[in-house]
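The following exercises are meant to be worked through with the coordinates open, and each is followed by a solution in steps. Please try each task before reading on.

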Amino acid sequence: MDEVYYHSPIGGLRIQANSKGICSVTFADALISDRETTLPAANPHLKSAVQELDLYFSGKLKAFKTPLAAEGTPFQKSVWKELGTLSTGSTTHYGAIAERIGNPKASRAVGMANNRNPVPILVPCHRVVGKSGALVGYGGELWRKEWLLRHEGALA
């Protein structure tokens, strides 16, 4: 597995990829606070992810196209696939995702799948809010979720 460390406006990111695509994006401030962004070696997926993140954080990219190779259950993958269809600048809630994947009573399971998303930002789990519109649950801390939603224009 190849990896790169990336400095972003919301802190350090550790991005891992294999030959099929990006496997993991983790918030890793402690790991890279004293490092420069590392070059993505020869892995084309890491190069693509870094280029797309640069564009995203500069406001020039609305949807990521870098191939993903995230591991999960079939249910989790169905949730993550649906999250990938959410437009930049929009939000939804767990129940709406459950309905979209054909399992309207699975909002809690959708929340758990959202929580286990191994590729945040690239798969925009930050666009899922509480049914009331409140910012709830984000593995990367709520301040990052708020920053991302403001950056995308979903919050004033």
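## Exercise 1: a residue in a strand

V4 lies in strand β1. The model is a predicted one, and the task is to decide whether V4 is buried or exposed, and then to find how far V4 and Q16 are apart in sequence and in space.

Solution. Step one takes the relative accessibility of V4, which is 0%. Step two compares that value with the cut-off, under 20% for a buried residue, and V4 therefore counts as buried. Step three turns to Q16: twelve residues separate V4 and Q16 in sequence, while their C-alpha atoms are 6.6 Å apart in space.

## Exercise 2: the sheet

Determine the order of the strands in the open sheet, and explain why β1 and β3 each have one side without a neighbour.

Solution. Step one examines β1 (residues 2-8) and β2 (residues 11-17), which pair in the antiparallel sense over seven bridges. A hairpin of two residues joins β1 to β2, and H7 is found opposite G12 in β2. Step two examines β2 and β3, which also run antiparallel and are joined by five bridges, with L13 standing opposite F27 in β3. Step three assembles these pairings into an open sheet of three strands in the order β1-β2-β3. Because β1 and β3 (22-27) stand at the edges and have a single partner strand each, one side of each is left without a neighbour in the sheet. Direction ignored, neighbouring strands of this sheet are turned against each other by 20 degrees on average. Step four adds the helix: α2 lies across β1, β2 and β3, and runs at about 10 degrees to β1.

## Exercise 3: aromatic pairs

Classify the pair of Y6 and F57 and the pair of Y56 and F64 from their ring geometry, and state which residues the ring pairs link into a cluster.

Solution. Step one sets the scope, since the structure holds five aromatic pairs. In the pair of Y6 and F57, the ring centres are 6.4 Å apart and the planes are at 20 degrees; planes under 30 degrees apart count as stacked, and this pair is stacked. Step two places the two partners in the chain: Y6 belongs to strand β1 and F57 to helix α2 (residues 44-57), so that the pair links distant parts of the chain, 51 residues apart. Both Y6 and F57 are buried. Step three takes Y56 and F64, whose ring centres are 5.3 Å apart and whose planes are at 45 degrees, so this pair is tilted. Y56 and F64 are both buried as well. Step four joins the rings: Y6, Y56, F57, F64 and W147 are linked by ring pairs into a cluster.

## Exercise 4: two helices in contact

Describe how α3 and α5 pack, and then locate Q76 and find its contacts beyond four places in sequence.

Solution. Step one gives the geometry, in which α3 and helix α5 (residues 107-115) pack with their axes 9 Å apart, at an angle of about 80 degrees. Step two applies the class of 65 to 115 degrees, and α3 and α5 are therefore roughly perpendicular to each other. The contact is made by F75, Q76, V79, W80 and L83 of α3 together with A109, V110, A113 and N114 of α5. By class, this contact of α3 with α5 has seven nonpolar, two polar and no charged residues. Step three narrows the view to Q76, which is placed in helix α3 (residues 74-83) and counts as buried because its relative accessibility is 15%. Its contacts, once neighbours within four places in sequence are left aside, are with A113 and R116.

## Exercise 5: positive phi

Which loops hold I121 and E141, and is each residue buried or partly exposed?

Solution. Step one recalls the background: most residues other than glycine have a negative phi. Step two takes I121, whose phi is positive, near 75 degrees, and which lies in the loop between α5 and β5 (128-129). With a relative accessible area of 2%, I121 is buried. Step three takes E141, whose positive phi is about 80 degrees although E141 is not a glycine, and which is found in the loop between β5 and α6 (142-152). With a relative accessible area of 46%, E141 is partly exposed.

How values were computed. Residues are numbered from 1 along each chain as its sequence is written. This is a predicted model: local features need pLDDT of at least 70, side-chain atom pairs count only at pLDDT 80 or more; totals for chains, interfaces and linings use all residues. Side-chain values use heavy atoms; hydrogens and water are left out. Buried means under 20% relative accessible area, exposed over 50%, partly exposed in between (1.4 Å probe, protein chains only). Contact means heavy atoms within 4.5 Å. Two strands pair if DSSP finds at least two bridges between them. Axes are lines fitted to C-alpha atoms, for helices over the stretch in contact, and angles run from 0 to 180 degrees between N-to-C directions. Angles under 35 degrees count as roughly parallel, over 145 as roughly antiparallel, 65 to 115 as roughly perpendicular and the rest as oblique. Ala, Val, Leu, Ile, Met, Phe, Trp, Tyr, Cys and Pro count as nonpolar, Asp, Glu, Lys and Arg as charged, and the others, Gly among them, as polar. Rings of Phe, Tyr and Trp (its six-membered ring) pair if their centres lie within 6.5 Å; planes under 30 degrees apart count as stacked, over 60 as edge-to-face and the rest as tilted.
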